Amino acid sequence: MSRERVYHILIDRFFPQREPDPAGNFRGGCLRSVADHLDYVRGLGMTGILLTPFYKTAAYHGYHIVDYRQVDPHFGTWDDVARLVHEAHRRGMTIAADFVAGHCHRTNPLFADGRHAGWFLHGRDGRPLGYAGLDELPRFDTDNGDVRAYLTERAIGLGRMGFDALRLDHATGPTYAFWDSFVAALGRACPGVRLVGEVWGAMDFRPRRRLRYALRRLCYGAQEARQLEYADVFDGVLDFRYQQLLCAAARKGRIAGNRRLRREVERHLARYPTRCRPWLFLDNHDLNRFLFECGGRRPLLDEAVAFTGQWQCPSLTFYGTERAFANTKDIFDGTPYADERVRPCLREASVNVEP
C-alpha cells in the first residue's frame, strides 16, 4: 500500500503573490499561489495538500468565517478554488479542505442580522456562548435542524467541487447527533469524501459512553481517550497523541532506534478500528514547530520524519518543515498572538526566521 503524504498549507503564508494588508495581517498568499506551486509540493514527495479555510473571513488564518457562501477576496474566487482542485487532480494529487462547523465570526450575517438567534447557543444569562470563551466567535447550536441543514449543505458543496477530504475543525464542539447526521448526508451526496476530525483539547459535550471513556482515559490518557471517542464517527482523526509521543522522545534526544517509542506507537495505532485511520503529524499551525521541540537539532527532525514515514497511515507535513522552519520561543508562553511564531511566510528564498 502506498503511503499518503499530505502537505498542510496556511494559504495566506504560502508563497505570497499579492500585496500584504497590514491592517488585517494578511500577507498575500492566495489560491493561485498554491496552484502555481503544486509542482514544488509534489517535488517534495507529497501526494496531496490540505488547505486552511478559504471562506470569507475576519482573520488571515481563515477560521473566523464571515460568509460560507463566498471565498475571501484576499485568497481569490470560486473559480480559483475550482482551478486548484483541477490542477491538483491533474497531477494525481488529492486535495482536502478545512471546514469549521462549530462557530462563525460575529460579523457573519447569520449572527449579525439578529434573525437567526435560535441558531446559536446562549448561556443562562441569555448572552451568546463563544468558542474558547471569545465573544467574537459565537457557537452554533448544532442540534438546531436549520443549522444542521445549512452547514451540511455547505460541506456537500465542497465535496461536489471535487475535494477528496474535509478536515473538521474543533470536532469536539458540535454534538454527536450533528455529526451522525452530517456524516450520513455527506456519505449519500459525496461518497468517497473522507472526513477527518480535529479532536484536541477539552470536549464540549459528554462522551457517548462515559464509563468506556473514563476507562480509556485511565488506561491511555486524556488525549487518546478523546481521539478514540471519535474513531467510530469519522474516517480519520488528526493524531495529536502520536505528536505528543514524538515530542516526548525528541526532548529526550532519541527517535531513531528508540525501541520504547516504537512499542508505544505500535500499541497506540493498534487501538483504532480499520475504518478509522489516524493522520500522523509532527506539528501544525496551533503547535510549536517540531524543530523547537527538538531543541533546534536538525538530525532529530530528520529522524522524526523518517520514523513517521514507516507507518501505513496518512501523514501531514506542515509547510516550511522542508526548510527547517522553527520558532525560538514557546508559543504557549502566554504572549498574545504567539502562534504567529510558527506561521511565517514561505517565500522563494525563505530563511528560517520568525515574523
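The following paragraphs examine charged pairs, a surface patch, two buried helical residues and two unusual backbone angles in a predicted model.

The charged side chains offer a starting point. Side chains of opposite charge can pair when their charged atoms come close. In this model the count of salt bridges comes to 28. One of them joins E87 and R90, with a nitrogen-to-oxygen distance of 2.8 Å. Both residues belong to helix α3, which spans residues 78-90, and because they are 3 residues apart there, about one helical turn separates them. The two partners are not equally covered: E87 has a relative accessibility of 14% and counts as buried, since the limit for that class is under 20%. R90, at 54% relative accessibility, counts as exposed. This pair also belongs to a wider arrangement, for D39, R42, E87, R90 and R91 are linked in a network of salt bridges.

A second salt bridge connects E293 with R251, whose closest N and O atoms are 2.9 Å apart. Here the partners come from two helices: E293 lies in α11 (residues 290-293) and R251 in α9 (residues 240-251), so the pair ties together parts that are 42 residues apart in sequence. E293 is buried, at 13% relative accessibility, whereas R251 is exposed, at 53%.

A third example is the salt bridge between the side chains of R343 and D339, at 3.3 Å from N to O. In this case the arginine is the buried partner: R343 has a relative accessibility of 3%. D339, at 25%, counts as partly exposed.

Other charges gather on the surface. R254, R259, R263 and R267 form a patch of positive charge there. Within this group, R267 is placed in helix α10, which covers residues 259-270. Its relative accessible area is 48%, and R267 is therefore classed as partly exposed, because the exposed class begins over 50%.

Two residues illustrate buried positions in helices. The first to consider is D80, which lies in helix α3, the helix that also holds E87 and R90. With a relative accessible area of 9%, D80 is buried. Leaving aside residues up to four places away in sequence, D80 touches L31 and R32.

The other is A304, located in helix α12 (residues 298-308). A304 is buried, with a relative accessible area of 0%. Its contacts, again without residues up to four places away in sequence, are with L246, I255, L282 and F290. Between A304 and C294, which are 10 residues apart in sequence, the C-alpha to C-alpha distance is 9.7 Å.

The backbone provides the last topic. Most residues other than glycine have a negative phi, and most peptide bonds are trans. Against that background, F15 has a positive phi of about 45° although it is not a glycine. F15 lies in the loop between strand β1 (5-9) and helix α1 (31-36), and at 3% relative accessibility it is buried. A132 likewise is not a glycine and has a positive phi, of about 55°. The loop that holds A132 runs between α4 (109-112) and α5 (145-161). A132 is exposed, at 64% relative accessibility, while F15 is buried.

Terms used
Residues numbered from 1 in each chain as written. Predicted model: local features only at pLDDT ≥ 70, side-chain atom pairs only at ≥ 80, totals over all residues. Heavy atoms only, no water. Patch = residues over 30% accessible without salt bridge, like charges linked within 9 Å, V, L, I, M, F, W, Y side chains within 5 Å. Areas by Shrake-Rupley, 256 points an atom, 1.4 Å probe, with all protein chains shown as cover. Salt bridge = Lys/Arg side-chain N within 4 Å of Asp/Glu carboxyl O. Lys, Arg positive; Asp, Glu negative; His and termini not counted. Charge placed at Lys NZ, Arg CZ, Asp CG, Glu CD. Helix = DSSP H or I, 4+ residues; strand = E, 2+ residues; numbered from the N terminus. Buried < 20%, exposed > 50% of the residue type's maximum accessible area, 1.4 Å probe, protein only. Contact = heavy atoms within 4.5 Å.
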